[in-house]
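Me: I would like to learn how helix packing and aromatic pairs are read from a set of coordinates. Could you take me through one example?

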Amino acid sequence: MDFKSIDKRQWITIFICVVGTFILSIIRFDAGGTTSALGDINAYASLEDAGIFASVMALGAPWGILASVLGIVLGAIVMGSKYFIIGDLLIKSLMGLFIAAFAAKCDNWKRSFVVAGMAEAIMIVLFFVYDLLIIREFKLVGTTLLMQFIQGVICTVLGAAVLRYMPVMQPDRMLEIRRPVD
């Protein structure tokens, strides 16, 4: 990551991606606060994952991943979701890496939906494990799982549209997945 090689236009794009993902992360469908041993925890669904897709398509790796995750973490801080910040850092970064690795291969709707669906599956499965480890209350984990599933379905559709219609702006900054030659 060389900060000196970033031009003014790219800094503006990074800023737009951070702010856009932040806005998508604070627009939430909230299932209501639930009191647990940790205090009040809000289970919610948002459109923040669509910001990951768009940021990675606009900036590639690592800047698209960093910009979107920063926006999501800022949204978690502002909205008081302190227990999800570490999960957001880890899980949303993995989603961004996955998208950066496979976005350039999305040349039809089927591949776009497969990549978007798998990225959202990463989010659902890993947040389920994270919630079990952190929250440890099955009723609340079930509520958060339901909200993450709703978010995953909606963001799969939005992510597939982004992958299908938004061109890769920085093709040289996308990750290259190589398969062994038989």
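Reply: What follows treats a pair of helices and then some aromatic rings, and the model is a predicted one.

Me: How are H5 and H6 arranged with respect to each other?

Reply: Two packed helices are described by the angle between their axes and the distance between those axes. Here helix H5 (residues 109-134) packs on helix H6 (residues 138-165) at an angle of about 160 degrees, and their axes are 8 Å apart. Since angles over 145 degrees count as roughly antiparallel, H5 and H6 are therefore roughly antiparallel to each other. H5 passes H6 in a right-handed crossing, and the contact of H5 with H6 has 19 nonpolar, 8 polar and 3 charged residues.

Me: How many aromatic pairs does the structure hold, and what is the geometry of the one formed by tyrosine 44 and phenylalanine 84?

Reply: A pair of aromatic rings is described by the distance of the centres and the angle of the planes. The structure holds 7 aromatic pairs; the pair of tyrosine 44 and phenylalanine 84 is edge-to-face, at 6.2 Å centre to centre with 85 degrees between the planes. Because tyrosine 44 lies in strand E2 (residues 39-46) and phenylalanine 84 in the loop between helix H3 (63-78) and helix H4 (85-102), this pair ties together parts that are 40 residues apart in sequence.

Me: Are tyrosine 44 and phenylalanine 84 buried or exposed, and what lies over the face of tyrosine 44?

Reply: Both tyrosine 44 and phenylalanine 84 are buried, and arginine 28 lies over the face of tyrosine 44, at 3.5 Å from the ring centre. Tyr44 and Phe84 also form one aromatic cluster with Phe127 and Tyr130.

How values were computed
Residues are numbered from 1 along each chain as its sequence is written. This is a predicted model: local features need pLDDT of at least 70, side-chain atom pairs count only at pLDDT 80 or more; totals for chains, interfaces and linings use all residues. Side-chain values use heavy atoms; hydrogens and water are left out. Axes are lines fitted to C-alpha atoms, for helices over the stretch in contact, and angles run from 0 to 180 degrees between N-to-C directions. Helices (H or I, at least four residues) and strands (E, at least two) are DSSP runs, numbered from the N terminus. Angles under 35 degrees count as roughly parallel, over 145 as roughly antiparallel, 65 to 115 as roughly perpendicular and the rest as oblique. A crossing is left-handed if the near helix is turned anticlockwise from the far one by less than a right angle, and right-handed if clockwise. Ala, Val, Leu, Ile, Met, Phe, Trp, Tyr, Cys and Pro count as nonpolar, Asp, Glu, Lys and Arg as charged, and the others, Gly among them, as polar. Rings of Phe, Tyr and Trp (its six-membered ring) pair if their centres lie within 6.5 Å; planes under 30 degrees apart count as stacked, over 60 as edge-to-face and the rest as tilted. Buried means under 20% relative accessible area, exposed over 50%, partly exposed in between (1.4 Å probe, protein chains only). A charge sits over a ring if NZ of Lys or CZ of Arg is within 6 Å of the ring centre and within 35 degrees of the ring normal.
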